[in-house]
Amino acid sequence: MSEGWTTDDMAYALRSGITPSGDVFGGSMAEVVRYGTGFLSDADLNAMATYLLDNKS
Ligand code: HEM
């Protein structure tokens, strides 16, 4: 699933709902952002994105 995503892109998308292509998350994922990940701190968003993308940094 990591194709096309950077950690910065993913942290931004989990905060804003806006994807790297400029589209927005639809369906249930929009609610995940609105009621959940949109409230996380930058540190937590970066940690989550790093884990999901299995980056080393
Ligand atoms: C903290 C929990 C979650 C995280 C971090 C997360 C993360 C993501 C990410 C990164 C994508 C984009 C995948 C891609 O395009 O390659 C995505 C898409 C999606 N997720 Fe989640 N997700 C979470 C929870 C959920 C839950 C609980 C649901 C359903 C109840 C859900 C439903 C969806 C759907 C439907 C999409 C496709 C959205 C679209 O393309 O418009 N997600 N999610």
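Is Asp-42 buried or partly exposed? Asp-42 counts as partly exposed, at 49% relative accessibility, because the exposed class starts only over 50%. This is a predicted model. The protein chain has 57 residues, and buried residues make up 23% of them. It holds 3 helices and 0 strands. A ligand with an iron atom is present, and Met-29 is the only protein donor of that iron.

**Overall fold**

- Along the sequence, the protein chain reads α-α-α.
- The helices that feed the ligand shell are α1 (7-16), α2 (28-35) and α3 (42-53), each giving two or more residues.
- Take the contacts between residues at least 6 apart in sequence: 42% of them join residues at least 24 apart.

**Ligand site**

- The ligand is surrounded by 11 residues.
- The closest are Trp-5, Gly-26, Ser-28, Met-29 and Val-32.
- Helix α2 gives the most to this shell, with 3 residues.
- By class, the shell divides into 9 nonpolar residues, 2 polar and no charged.
- Met-29 is found in helix α2. Its SD atom sits 2.1 Å from the iron atom of the ligand.
- Trp-5 offers a side-chain N or O atom 3.1 Å from an oxygen atom of the ligand.
- Gly-26 uses its backbone instead: a polar backbone atom lies 2.6 Å from an oxygen atom of the ligand.

**Salt bridge**

- How many salt bridges does a search of the whole structure find? The search finds 1.
- The partners are Arg-15 and Asp-42, with their closest N and O atoms 2.6 Å apart.
- This pair links distant parts of the chain. Arg-15 is in helix α1 and Asp-42 is in helix α3, 27 residues apart.
- Side chains of opposite charge can pair when their charged atoms come close.
- Arg-15 has a relative accessible area of 36%, so it is partly exposed. Asp-42 is also partly exposed, at 49%.

**Loop between α2 and α3**

- Thr-37 lies in the loop between α2 and α3.
- Thr-37 has a relative accessible area of 9%, which is under the 20% cut-off, so it counts as buried.
- The Thr-37 side chain reaches the backbone oxygen of Leu-14 at 2.6 Å.
- Beyond its neighbours within four places in sequence, Thr-37 is in contact with Leu-14, Arg-15, Val-32, Leu-45 and Met-48. Among these, Arg-15 is a salt-bridge partner, and Val-32 is one of the closest residues to the ligand.
- Gly-38 has its place in the loop between α2 and α3.
- Is Gly-38 buried or partly exposed? Gly-38 counts as partly exposed, because its relative accessibility is 27%.
- Gly-38 touches Leu-14, Arg-15 and Val-33, not counting residues up to four places away in sequence.
- Gly-38 and Gly-17 are 21 residues apart along the chain, yet their C-alpha atoms are separated by 8.1 Å.

**Val-33 in helix α2**

- Val-33 has its place in helix α2.
- Why does Val-33 count as buried? Its relative accessible area is 7%, and buried means under 20%.
- Leaving aside neighbours within four places in sequence, Val-33 is in contact with Ala-13, Leu-14, Arg-15, Ser-16, Gly-17, Phe-25 and Gly-38.
- From Val-33 to Gly-17 the C-alpha distance is 6.1 Å, with their positions 16 residues apart in sequence.

**Loop between α1 and α2**

- Asp-23 lies in the loop between α1 and α2.
- Asp-23 is partly exposed, with a relative accessible area of 48%.
- Leaving aside neighbours within four places in sequence, Asp-23 is in contact with Gly-17 and Ile-18.
- Asp-23 and Ala-13 are 10 residues apart in sequence, and their C-alpha atoms are 9.8 Å apart in space.

Methods:
Residues are numbered from 1 along each chain as its sequence is written. This is a predicted model: local features need pLDDT of at least 70, side-chain atom pairs count only at pLDDT 80 or more; totals for chains, interfaces and linings use all residues. Side-chain values use heavy atoms; hydrogens and water are left out. A residue is near a molecule or strand if one of its heavy atoms lies within 4 Å of it. A polar contact is a pair of N or O atoms within 3.5 Å; within protein, one must be able to donate a hydrogen and the other to accept it, and residues adjacent in sequence count only if both atoms are side-chain atoms. Helices (H or I, at least four residues) and strands (E, at least two) are DSSP runs, numbered from the N terminus. Ala, Val, Leu, Ile, Met, Phe, Trp, Tyr, Cys and Pro count as nonpolar, Asp, Glu, Lys and Arg as charged, and the others, Gly among them, as polar. Donors are N, O and S atoms within 2.8 Å of the metal (3.2 Å for Na, K and Ca); water is not among the atoms, so sites may look incomplete. Buried means under 20% relative accessible area, exposed over 50%, partly exposed in between (1.4 Å probe, protein chains only). Contact means heavy atoms within 4.5 Å. A salt bridge is a side-chain nitrogen of Lys or Arg within 4 Å of a carboxyl oxygen of Asp or Glu.
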